[in-house]
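User: I am new to this structure. Please walk me through it with short questions and answers.

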Amino acid sequence: MVAPNSSPLPRPLGLAVAGGLLPPETPILDYATAELRHPADIVYFGYLLNSLNSAAKRQKALVNAWQLTQDILIVAAEVMLKERGEKYLAYGGEKPRELNPNYHYYQPVELKHYIEQTLGVEATPLSLGVYAVFRNSDRREIFSQSVWRSPLTPPKIKPGISGFKDHAEILQPLIDFYLNRGRLPLSQELPTEPALINQFGSITDAFAAILAATDASDWQKITSQRSQDLLIYLASDFLIKEKADEKADNLPIKLVAKLTNYPRLIANDIITFFLDFDKAIAEINQLIHDLKEPRSLINACQTSGLGKIGKKLPTALYIHTTALHQLNPILRLYEAQLRRQIGQIDGATLIKFHLDEPKISYLFYPDFDTDPHPPLKASLQVNLPDFALTYLDYQAIENPPILHRKETFVTPDYPLYRVFAQLTKQEERLGLLSSPKIGTQKGWQRCLQTYGVKISGHQVIHCPEIKDTLPSIIPKIERHRAAIVRRDFSRPMRLALDAGIFTPKTTFFDYGCGYGGDIERIQAQGYFSQGWDPYYRPDNAFISADVVNLGYVINVIEDPAERREALINAWQLTQKVLIVSSLVLIDDRERGQVVYGDGVITRRNTFQKYYEQEELKFYIEQVLNAEAIPAALGIYFVFRDPEMAQRIRAYRFRSRTTTPRISAYLRKFADYQEMLQPLMAFVSDRGRLPVKGELPEEAEILGVFGTLRRAFQIIIQATNSAEWDAIAEKRRKDLLTYLAVSNFGKTQKFNQFNPEIQDDIKYFFVSYANAKAIAEHIIYSLNDINLVRQCCQNSQLGYISGNGFYVHISAIEQLEPLLRIYEGLVSRVIGRMDEATVVKFHLHSSKISYLFYPDFDENPHPILHRRMKINLKNLEVTHYDYEHLPNPLILTRKDRLVSADYPLYEKFRSLTQQEENRGLLENSDLMYKRQHWQNILEKNCAEIRKHRVYWRQDADPYQVKLLKSQQKARQRKNQSMKSIENKID
């Protein structure tokens, strides 16, 4: 006897366990080894069809084993595979081997036919050379259907759904059933049906409770996928049976099939998805007809996963086995007919669909996940329609093929997809994948040696041991030439000043200061400032300081060990904040640089180590064992004090507020105005009253008014209470945005917040649980691009043009929390896009772009200089340069992008009104090509100077008269429209 949980199991039994055919503790009769053979639920007939030396013995043994079988007979035999030439090998699950002259072998399909003819029962393939024979035909069909079932996961429970947990246990069987079948259970299909009806009244009402706690569209996707799975199961069965009839060359299929031939569970699936059996037959016929159409496979490749799944070549499509269920149904059916005959090919990694001949190949890369560029170990080619197999062994080949771009074979939800894609991106930027002859192991190694790099752990790294083999292409590194003469603060220092990191008596040290411009400018601001540089100030001492700047230093050190040492040394000198900055990689056109190790050498012979933004964060945190907070692209703050880090983070999401003006005379307020001023400043800043001990002047105020609340009532009577309410609402939204962004990906505990933020949470949300639930709900909502688009469309600020919602960077804080959080997620990982002017929310994809207009305020129609686009799904940054285009884009309607309190709002609004009155803004576009805009101005005899529209002095007087007449007509029409709108209101 063999137990299904014993280890290791023979391959055939292991396949049966994986297929769910052998529950734990099920007794198994091993027919070949058992001394006493007796009836058993499971009988294992292992490889006797090979070893028994006569046809009569083989037949007798197989029949006897079947007679002992009460449930399932597992039959296994080594099958023949054709090798190169006319040589055949024996395959039994391990590596193919030479044929044994004393053994009897079968072709794979021949084995299936032999079992069925001998026993008179259908044999269901588990894998190559392994078949299951069922006593119960219903169980056979239910198992066969499970083979085509796509791997799906249940929809996630929405955050903040409080009541669902109380019913989660009783609802779980219903969730499992729907996930498995793609539909609701019919009467008596679900064992827990009585309990659900008792609790909810009906199965439908029970599922309604599930829908309320999840996303309904996720369940619709499950239904759609299960419907397709059922179609593949039915169509593959019909297709194989059609091919068994040599005369059945044309469609439609004329098989005697009835709904009653299927188990009740599958029959219910058919009725649910297709309404009746005739409609199911019609869809099956249509799918098989489509499969037989010329170029059907080629067309199906283009539509699989919207054309994004699999690696496509002119004559082949390669796909990982885990992505098979996401292919076009035609491709799924094409491969399914093979598995109907010989079963799944266990151990295969990729499937190759030949588009120029009727073949499918299964490729074996056992190290696919762990090896960045795994070599091909073997391939198994199946010829259709005779299912003849050809085996090719690559392990003995000195120079086997290898894989590149592994992410193209899998789906985006594959666990290592991002790791694979990141490696490809690094290799593309270095030009490795553009080199010739990299498809083999030796060719790839020569390429890596040429570039002086190696691949380790899916990372491209500098390889010191081979760089000396290429002396002709490695110039001398002159680090000091990377120093830049600046006339203003460097970006890292400007951001640090803007973030409030420098306070009175803050000390500063610049580690690797170059020419020392930041040292002088910080000193001019009244702070103690010193620095050191190995070339320009080598004799200066290393001094500990509150703020230490390591500005663009680690990217110019070519030795990884020295680079790490510089980072550690700077951190050891830091008492409060370390500012680390480095060049980072963004997608853009090449700039004529040559590859050097894990960095590049510029034309000035200065080494530059380019990091990915997330890679830089990971590197800093790994070396320092401290969190690196992004300030901007390539700039991070590392804090010694977590509370200081929280204050800086929270400050990013704080809206601008001003203390309300005195609007009414009140004697008591006038008498104590100076005393009450600190309280007014506190409430203006926090949006709430201070708790005990927060306000230094608390004792003095209490001595006069008794409580802070009474004192604030006096302030309200002397000011506009609505303004204080607006401040409180702003601070509530600020706090909600901060909590949502801070908790994204890693939830913080309440006691991890500093005391003042804890008090804010209690005041605005009563409890942290309430605040967290609201924030999590908004974060979850961001997955729905339709909701984001609707929020943009409903916004009182900003302007929609084309596929984007545009808003000035200064107005972000006035948007609704959902949009603020949406944009805030970018700053959490990448930091603020400093110097960006306008933010674009893409309306149909999860992307945000930052647009740079350096002269936004001065130029009536500024030119777009550049754009940074961030993909929120993978946080890839793509750079677009427009500054030097001969016909760049110019911006109009600036007033629509800013808030009414923007200093130049009235000037912008006046310009837009003049342009609309003149008919210059011919459509709703926000941006125009400069030449097109100049043509519009010329056509309308207009010119713009200092945000005003003037008639051109050289314009034709008659043309001006005509245009003025049109302008008056336009104004009358607009006034009429406004009058109608006012009446409607």
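**Helices, sheet and cores**

User: Which strands does helix α17 lie across, and at about what angle does it run to β25?
Analyst: This is a predicted model. Helix α17 covers residues 491-498. It lies across β17 (507-511), β19, β20, β24 and β25 (635-639). Its angle to β25 is about 50°.

User: In what order do the six strands of the open sheet stand?
Analyst: The pairing in this sheet is mixed. On average, neighbouring strands are turned by 20° against each other, direction ignored. The order is β18-β17-β19-β20-β25-β24.

User: Why is one side of β18 and of β24 left without a neighbour in the sheet?
Analyst: β18 spans 528-532 and β24 spans 628-632. Both stand at the edges of the sheet. One side of each is free of a neighbour because each has a single partner strand.

User: Which residue of β20 is the bridge partner of Val547?
Analyst: Strand β19 (residues 545-551) and strand β20 (residues 574-581) run parallel. Six bridges join them. In β20, the partner of Val547 is Val577.

User: At about what angle does helix α19 run to β20?
Analyst: Helix α19 holds residues 560-573. It lies across β17, β19, β20 and β25. Its angle to β20 is about 145°.

User: Is α4 parallel or oblique to α13?
Analyst: Helix α4 is residues 108-119, and helix α13 is residues 329-342. Their axes come within 8 Å and cross at roughly 55°. An angle under 35 degrees would count as roughly parallel. The crossing angle therefore makes α4 oblique to α13.

User: How many charged residues are in the contact of α4 with α13?
Analyst: Pro108, Val109 and Lys112 of α4 meet Arg340, Gln341 and Ile342 of α13. By class, three residues are nonpolar and one is polar. The charged residues number two.

User: Which helix gives the largest share of the largest nonpolar core?
Analyst: This core has 84 residues. Among those with the most contacts inside it are Phe45, Leu73 and Tyr362. Leaving aside neighbours within four places in sequence, Tyr362 touches residues including Glu335, Ile351 and Leu380. The largest share of the core, nine residues, comes from helix α9 (residues 216-244).

User: How many residues are in the second, separate core?
Analyst: Tyr511, Leu550, Leu578 and Leu797 are included in this core. Its count is 79 residues.

User: What share of the chain's residues count as buried?
Analyst: The chain has 33 helices and 35 strands. It runs to 985 residues. Buried means under 20% relative accessible area. The buried share is 51%.

Conventions
Residues numbered from 1 in each chain as written. Predicted model: local features only at pLDDT ≥ 70, side-chain atom pairs only at ≥ 80, totals over all residues. Heavy atoms only, no water. Core = buried A, V, L, I, M, F, W, Y, C linked by side-chain atoms within 4.5 Å. Buried < 20%, exposed > 50% of the residue type's maximum accessible area, 1.4 Å probe, protein only. Helix = DSSP H or I, 4+ residues; strand = E, 2+ residues; numbered from the N terminus. Contact = heavy atoms within 4.5 Å. Pairing = 2+ DSSP bridges. Axes fitted to C-alpha atoms, helices over the stretch in contact; angles between N-to-C directions. Parallel < 35°, antiparallel > 145°, perpendicular 65-115°, else oblique. Nonpolar A, V, L, I, M, F, W, Y, C, P; charged D, E, K, R; others polar.
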